Structure formats: structure tokens, C-alpha cells
Amino acid sequence: MNLHALCRAVSPAIADCELNFIGREPINVALAHLQHMEYVAYLGKLGATVIELPAEPALPDSVFVEDTVLLFDELAVLTRPGAESRRAEVDAIAPAVQAVRKQVERISAPGTIDGGDVLRIGKRVFVGLSQRSNQVAIDQLAAILKPYAYTVTAVPMQDCLHLKSAVTALSDDTVLINPEWVDAAYFTEYRQIRVDEHEPHAANVVRIGSAILMPSAFPKTLAFIATAGYAVTAVDVSELQKAEGAVTCCSVLFTGE
């Protein structure tokens, strides 16, 4: 089985994106596009086969495909984003999802869930209780995944948009975490590497096999990860960060033929 990455080009309307925990700044759309192209190129260099969908001009946040679908080895789960303005993104990505997974389930109202709140490490699935994801959706997800022996755990969090703003996996036994935003006790079975205290947003990284892709804006945390023995690649996503985006947001990784 090969690793694939589902991505979507930057919307020309990205400046109208949803924001919750950061202030609005002008976004250079052309630069955001170039940075996204570089990000996609790195995914390919690190071993993923990229499927890039065209931009959606009417959907400002649509570059952040992670929030619209959860792709497991056995099936796909289309989400129901917490921001109403983003729900049309799910229908937009559905055909691409159906092309890579035979079984497709869907979260229904009143459940809301963003893919950015869902961290899968092996058969463990952690879901952030955030402004975007609620317990109703977590219960639905647990029911959908139960036949496949996944364990779903709801995780309280604070002061950030998504669970993966606060914690991501570096490997099957190690997480990168900001304990100010999520209780580290939920991840005691894993080795924990903490972000630098001056880089609170640094916990969001993409794991591609044994390689790690992360924003270039967090050099101190990058050094921590490299010292721990991981091969780290830095990419400039500064314009996407102004849209409250990060590196996991811009792709959905999955295995396939």
C-alpha cells in the first residue's frame, strides 16, 4: 500500500476565512498559493503521492481539506464542520473521497466535527472537544469505528482552534504537545516532547512515514524534534497561518493502491 495525500489549491477568497483565536491580518493570496505549492512539493519529496483538487473560489477555507473528511484504512467519514460557512466544503470533496474509499459514512446533525480535532495514532482516535467539535459527533464517530476496533476518546482542550493545534504524533509512541492547551494526562502512554514555551503553535506537524514536516516559524521546537532523532523538514506557511491554518490542515493522508 502506498501513501497518498489529498490536497486542494488555495481559494482566491482565502482572506474571508473563518478566524477564532487569532486576529485578522491581510493575506497575500499569491504568496499563499506559492507557499501551498511548496508544501505540496514537500509532501511528494517525502514520499506521498499527491492528489490535488482545484481551488474553490466560493469557499474561502477550502484549502484546509483536513477538516472535511477522516480517511481510515477501512473507510472514510465525511465530517460536519463546526463553522456553518464550511459545510459546503464537504460536498465539494465527496467525489474525491468516494474515488478512494468504497465505504463512506457521514456525521449528521446535530453533531459537528472538524478533522483538525481528530488525532489517530494506530487504533487510538483522540477527538478534541472544541468550538468546532461536539460530543454528539464524537459518539457518532465512535459508533462508526467500533466494528473496526478503534478506540475513540474525547479530549477537553482550551485556547486553540483544534486538538491538532495542541498535539500531534511524531511516531506511534511519541507525541509533540503544548500542555497549556491540552491536558498531557490524556497522552501518558506516549513519550511526550513539549513545544518551546515561546512557540505555542508549534505542536502541529505532519508525519509522513518516518519524516516530519513542520512550519519554519518554529525553529526552537524544530531543534527539539531533531535532537530526539527525527528527520525534520521546515516549510514556510506564514500566509496560511494568517488564516488560522497549519501544516496538517492542508492535506489528508491515507494509504491506497
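Two strands count as paired if DSSP finds at least two bridges between them. Helices (H or I, at least four residues) and strands (E, at least two) are DSSP runs, numbered from the N terminus. Keep both rules in mind.

Now the ground rules. This model is predicted: local features need pLDDT of at least 70, side-chain atom pairs count only at pLDDT 80 or more, and totals for chains, interfaces and linings use all residues. Residues are numbered from 1 along each chain as its sequence is written, and side-chain values use heavy atoms, with hydrogens and water left out.

Start with a sheet. Strand β13, residues 211–215, pairs with β14 in the parallel sense, over five bridges. Leu 213 sits opposite Thr 233 in β14. Add β12 and you have an open, three-strand sheet, ordered β12-β13-β14, with mixed pairing. Which strands stand at the edges? They are β12 (206–208) and β14 (231–235). Each has a single partner strand, so one side of each lacks a neighbour in the sheet. From one strand to the next, the twist averages 25 degrees.

Two helices lie across this sheet. Helix α1, residues 29–45, crosses β12, β13 and β14. Helix α5, residues 219–227, crosses β13 and β14. Helix α1 runs at about 160 degrees to β14, and for α5 the angle to β14 is also about 160 degrees. Those angles run from 0 to 180 degrees between N-to-C directions, with axes fitted as lines to C-alpha atoms, for helices over the stretch in contact. Contact means heavy atoms within 4.5 Å.

Next, helix α3, residues 135–145. Its buried residues are Ala 137, Ile 138, Gln 140, Leu 141, Ile 144 and Leu 145. Buried means under 20% relative accessible area, exposed over 50%, and partly exposed in between (1.4 Å probe, protein chains only). Why do the buried residues of α3 line one face? Seen down the axis, they fall within an arc of 160 degrees, so they line one face of the helix. That arc is taken from the directions between the helix axis and the C-beta atoms. These residues pack against β3 (69–71), β4 (76–78), β5 (104–106), β7 (124–129) and β8 (151–156).

On to β10, residues 174–177. In a regular strand, side chains alternate between the two faces of the sheet. Here Thr 174 and Leu 176 point one way, Val 175 and Ile 177 the other, and all are buried. Strand β10 pairs with β9 in the antiparallel sense, over four bridges. Thr 168 stands opposite Leu 176. The two strands make a hairpin, with two residues between them. On to β11, residues 191–194: four bridges join it to β10, and these two run parallel. There, Thr 174 has Arg 191 as its bridge partner.

One residue to look up: His 162. Where does His 162 lie? It is in the loop between β8 and α4 (163–166). His 162 is buried, at a relative accessible area of 3%. Leaving aside neighbours within four places in sequence, its contacts are Asp 67, Asp 114, Gly 116, Asp 117, Arg 132 and Met 157.
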